[in-house]
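Work through the exercises below with the sequence and the model open. Try each task before reading its solution.

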Amino acid sequence: MNPYQFQKQYEELFLPLGLYALRLVGDTDVAQDVVQSAFESAWLKVGEIQNLKPYMYRTVRNAALMWLKENDRTEALTDDMDAPVGDDDVTRSERDTRLWRAIDGLPARCREIFLMCKRDGMSYAEIAQELDISVKTVDNQIAKALRVLRGSGDLKHLNNFSVLLSFL
């Protein structure tokens, strides 16, 4: 693998790996550090690695588990963490990445209102008060966001859109 190929893999895998690490450690900064360290490690072994994607998921998982143990966060460890990285873990990370990229593609104000509602759990009235807009405007922006996300090419094939949004 040459540096250009490695860079392409980095760009494709960083966000899904970050979301995977975030599910394990529960801290965005730590998740980013874990993924960055994993890529640094992979770069040093680039000639030895046959398939980067599974290698990176294993490395990120191991680094995240190590971080949890070193930081006395063992309450976050579950029995299934001893299992190897499965296809479900990879599929979920890739699905989450598609959703976040689609959300990032929303117009700024629409995205802000949508995340305040879905991620932060704020009511339409709370959002309207916070942003000094009408509840009807909040309703329209949420509807617009859902319409755009449902129509997103990356998300069209997903079966249950509302379940997907529940992880926000």
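**Exercises on a predicted model**

**Exercise 1. Lys136 and its partner**

Task: Find the residue that forms a salt bridge with Lys136, then place the pair in the fold and judge its exposure.

Solution. This is a predicted model, and side-chain atom pairs count only at pLDDT 80 or more.
- Step 1. The partner is Asp139, with the closest N and O atoms 4.0 Å apart.
- Step 2. Locate the pair. Lys136 and Asp139 lie in helix α7 (residues 135-151), three residues apart, so about one helical turn separates them.
- Step 3. Check exposure. Exposed means over 50% relative accessible area. Lys136 has 53%, so Lys136 counts as exposed. Asp139 has 31% and counts as partly exposed.

**Exercise 2. The other helix with a bridge**

Task: State how many salt bridges the structure holds, and describe the one formed by Glu112.

Solution.
- Step 1. The total is two.
- Step 2. Glu112 pairs with Arg109, and their closest N and O atoms are 3.3 Å apart.
- Step 3. Both residues sit in helix α5 (residues 108-118). Their spacing is three residues, about one turn of the helix.
- Step 4. Glu112 has a relative accessible area of 33%, so Glu112 is partly exposed. Arg109 is also partly exposed, at 38%.

**Exercise 3. A residue of α7 that touches Arg109**

Task: Is Gln141 buried or exposed, and which residues does Gln141 contact beyond its neighbours within four places in sequence?

Solution.
- Step 1. Gln141 is part of helix α7.
- Step 2. The cut-off for buried is under 20%. Gln141 has a relative accessible area of 19%, so Gln141 is buried.
- Step 3. With those sequence neighbours set aside, the contacts of Gln141 are Arg109, Cys110 and Ile113. Arg109 is the residue that forms a salt bridge with Glu112.

**Exercise 4. The bend in α1**

Task: Where does the kink in helix α1 (residues 3-25) lie, and what follows α1?

Solution.
- Step 1. The kink is at Leu13 and is about 40°. The proline Pro16 comes shortly after Leu13.
- Step 2. Check burial. Leu13 and Pro16 are among the buried residues of α1. That list also includes Phe6, Leu17 and Val25.
- Step 3. Go past the helix end. Gly26 follows α1, with a positive phi near 75°.

**Exercise 5. Rings between two helices**

Task: How many aromatic pairs does a search of the whole structure find? Classify the pair Phe14 and Phe39.

Solution.
- Step 1. The search gives six aromatic pairs.
- Step 2. For Phe14 and Phe39, the ring centres are 6.4 Å apart and the planes are at 25°, so the pair is stacked.
- Step 3. The pair links distant parts of the chain. Phe14 is in helix α1, Phe39 is in helix α2 (residues 28-44), and they are 25 residues apart.
- Step 4. Phe14 is partly exposed at 22% relative accessible area, whereas Phe39 is buried at 2%.
- Step 5. Widen the view. Ring pairs join Phe6, Tyr10, Phe14, Phe39 and Trp43 into a cluster.

**Exercise 6. The packing of α1 and α2**

Task: Describe how α1 and α2 pack, and name residues that make the contact.

Solution.
- Step 1. Their angle is about 145°, and their axes are 8 Å apart.
- Step 2. The crossing is right-handed.
- Step 3. Residues of α1 in the contact include Phe6, Tyr10, Leu13 and Phe14. Those of α2 include Val35, Phe39 and Trp43.

Terms used. Residues numbered from 1 in each chain as written. Predicted model: local features only at pLDDT ≥ 70, side-chain atom pairs only at ≥ 80, totals over all residues. Heavy atoms only, no water. Salt bridge = Lys/Arg side-chain N within 4 Å of Asp/Glu carboxyl O. Helix = DSSP H or I, 4+ residues; strand = E, 2+ residues; numbered from the N terminus. Buried < 20%, exposed > 50% of the residue type's maximum accessible area, 1.4 Å probe, protein only. Bend = angle between axes of the 7 residues up to and from the residue. Phe/Tyr/Trp six-rings, centres within 6.5 Å; stacked < 30°, edge-to-face > 60°. Axes fitted to C-alpha atoms, helices over the stretch in contact; angles between N-to-C directions. Left-handed = near helix turned anticlockwise from the far one by under 90°. Contact = heavy atoms within 4.5 Å.
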